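Let us walk through this structure together, starting with its charged pairs and moving on to its sheets.

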Amino acid sequence: MQDLLIWGYLILFGIMALAGLVWVLHLTRVSKRPAARPDDLASQAAQVTWIFEAGQLQERSHTAARLEDVMGMQISDWDSFLRFFAQRFSHLPHSPSAVNNVPSLRVFSDIDDDNGAMVLQWNGPLLRAYLDEPTISAADRHSTILLAARNRQLTDVLENMPFPTWLSTAKGKLLWSNQAMQDISLQGAEGLLQSHLGASGLPKRRLCAAGADMTQWFDVHSVPRGDNVAHYALDVTDIMSEQVRNSQGHKALLYALNVLPGGIAVFGQNGKLVCRNQMFETLTRLNGDFLDKAPDLQALFDRLRDAGDLPEPQNYDAFRQRLRLLRGSLASDAIDQLWELPDGTALRLKLRPAASDAVVFYIEDVSDAMSKSRSFTARLALGQSVFDQLEMPLIMFQGNGRRMSQNDAFLAFWTGQNNMDMPDDLSQFERQLTLMNPKHTFTADGFAVLPNINDQTWVLWRRNLQQGACFFRFAPQDSDWVQSKDLSAIASS
């Protein structure tokens, strides 16, 4: 019995010693385990994780790769990462370096009742981004799988639709577009991207040109979807080709869209507004919803009159009748008017008949040109006022020979001569001077004597200016001005 007790103690001590040895070996193995490297984080993490360095994707977890496959989108850099999560986490920083002065950042979802968040963690040059999702039940997981499968189907359908389709914010920021939209060049798609909702926030429909050469036409529908706007574009190039492309109105519209700084609108055979550019809406100050209803010219001008943006014609009824008769008339019946609005804006309006009883309406802001013209006119008036203060008779001619100006002294001097009309041009004036002194040629610079004018001898000085312009100055022979000149050159005149 005593031997059994001794053997029991020996066995117990042996087991305890063996356990101690195992524990020591375990501690030794754990302490020697190398620390996890940053580039191993994605593979070790259970979360949906991406690792970035300098904005480029370095590694993703298996769950992240599965999510990209489900969504049908691939993440390769920070920009594609932002597009991937644009609808859920719109407040992500625009670049990793924008907020790298903090160790971590949590960005919450924009969607109501969504408790998920995107967590950003910096470790030196590496940025780890992972989804922090609340625990979901088996039922939620089942519904998520079904919704993911449905999302793949819908994404495939939308991506492969032959019609440009895209989603934007209410301010026009592009969130998503399908392949048909992406196939249009950036320059050509600019007109489509300008589609927006009306002031009332209701769906809007508009016709616009697109494509690299602006020859594709789309009927664009913009529909509000929560805080965003969905856009659908139907290619109507063939229809436009049938109805408008070969008409003068369409050619004028294309020219305006590509070149002209003003607004242009085309009214078709039925007198209704067919199409317009954005500048036309801006310059006429007419509501886009009103123009979308395709008013005729009379209704359009009635709206301008009611808004106080139309200078009141002396006979508005006659003006409306002229608008009605403009279709099918000759080009000589065109309307060309300058409108000066109460706020100082000056608009030039031109309405021209076109082929197939269409009418082209062009409007341009000429406020700057009018301001410069008024300033130039004011300077001319000031110059003329100074000109009239001079006592010596003066007359000036333009380079084309037309009389430009004369002072009051010349009018008194010249009209005092018998049978001498006010000259309209330079050649007439030179003939009149020749009658006074047939011995002298009055076509070159210099002085000449004109005897027996108002019983007095006068001296004429002609001065040729640039670009063919010239002026003539008259003074009595005994005046101080004449006495101060060397008149030897005209002694024989």
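A residue counts as buried when its relative accessible area is under 20%, as exposed when that value is over 50%, and as partly exposed in between. Please keep in mind that this is a predicted model.

**Salt bridges**

With that scale in hand, arginine 60 is partly exposed, because its relative accessible area is 29%. Its partner in a salt bridge is glutamate 68, with 2.9 Å from N to O. Glutamate 68, in turn, is buried, because its relative accessible area is 1%. Side chains of opposite charge can pair when their charged atoms come close.

The structure holds 10 salt bridges, and three of the pairs are set out here.

| Pair | N to O distance |
|---|---|
| Glutamate 68 and arginine 60 | 2.9 Å |
| Aspartate 114 and arginine 88 | 2.7 Å |
| Arginine 276 and glutamate 281 | 3.5 Å |

What do aspartate 114 and arginine 88 form? They form a salt bridge, with their closest N and O atoms 2.7 Å apart. This pair links distant parts of the chain: arginine 88 belongs to the loop between α4 and β3, aspartate 114 to the loop between β3 (104-108) and β4 (117-123), and 26 residues separate them. Aspartate 114 is partly exposed, with a relative accessible area of 21%. A network of salt bridges links Arg88 and Asp114 with Glu133.

Are arginine 276 and glutamate 281 buried or exposed? Both of these residues are buried, and their side chains meet in a salt bridge of 3.5 Å, N to O.

**Around aspartate 77**

Another acidic residue deserves a look. Aspartate 77 sits in the loop that runs between α3 (62-71) and α4 (78-84). Leaving aside residues up to four places away in sequence, aspartate 77 touches Phe52, Gly55, Gln56 and Leu57. For phenylalanine 52, the separation from aspartate 77 is 25 residues in sequence and 7.5 Å in space, C-alpha to C-alpha.

**The sheet from β7 to β8**

Now to the strands. One open sheet is formed by 5 strands in the order β7-β6-β10-β9-β8, with antiparallel pairing. Its edges are β7 (174-177) and β8 (204-210); each has a single partner strand, so one side of each is left without a neighbour in the sheet. From one strand to the next, the twist averages 25°.

Within this order, β9 (residues 216-225) and β10 (residues 228-235) run antiparallel and are joined by 8 bridges. If you would like a place to look, find serine 222, which stands opposite histidine 231 in β10.

**The sheet from β17 to β18**

A further open sheet of 5 strands follows the order β17-β16-β20-β19-β18, and the pairing is antiparallel. Here β17 (403-406) and β18 (446-450) stand at the edges with a single partner strand each, so one side of each is left without a neighbour in the sheet. The twist in this sheet averages 20° from one strand to the next.

Strand β16 (residues 394-397) runs antiparallel to β20 (residues 470-476), and 4 bridges join the two. Methionine 396 is found opposite phenylalanine 471 in β20.

Which strands does helix α16 touch? Helix α16 (residues 426-436) packs on the sheet and touches β16, β18, β19 and β20, its direction making about 30° with that of β20. Helix α15 (residues 408-415) lies across β16, β17, β19 (458-464) and β20, and runs at about 100° to β17.

Technical notes. Residues numbered from 1 in each chain as written. Predicted model: local features only at pLDDT ≥ 70, side-chain atom pairs only at ≥ 80, totals over all residues. Heavy atoms only, no water. Contact = heavy atoms within 4.5 Å. Salt bridge = Lys/Arg side-chain N within 4 Å of Asp/Glu carboxyl O. Buried < 20%, exposed > 50% of the residue type's maximum accessible area, 1.4 Å probe, protein only. Pairing = 2+ DSSP bridges. Axes fitted to C-alpha atoms, helices over the stretch in contact; angles between N-to-C directions.
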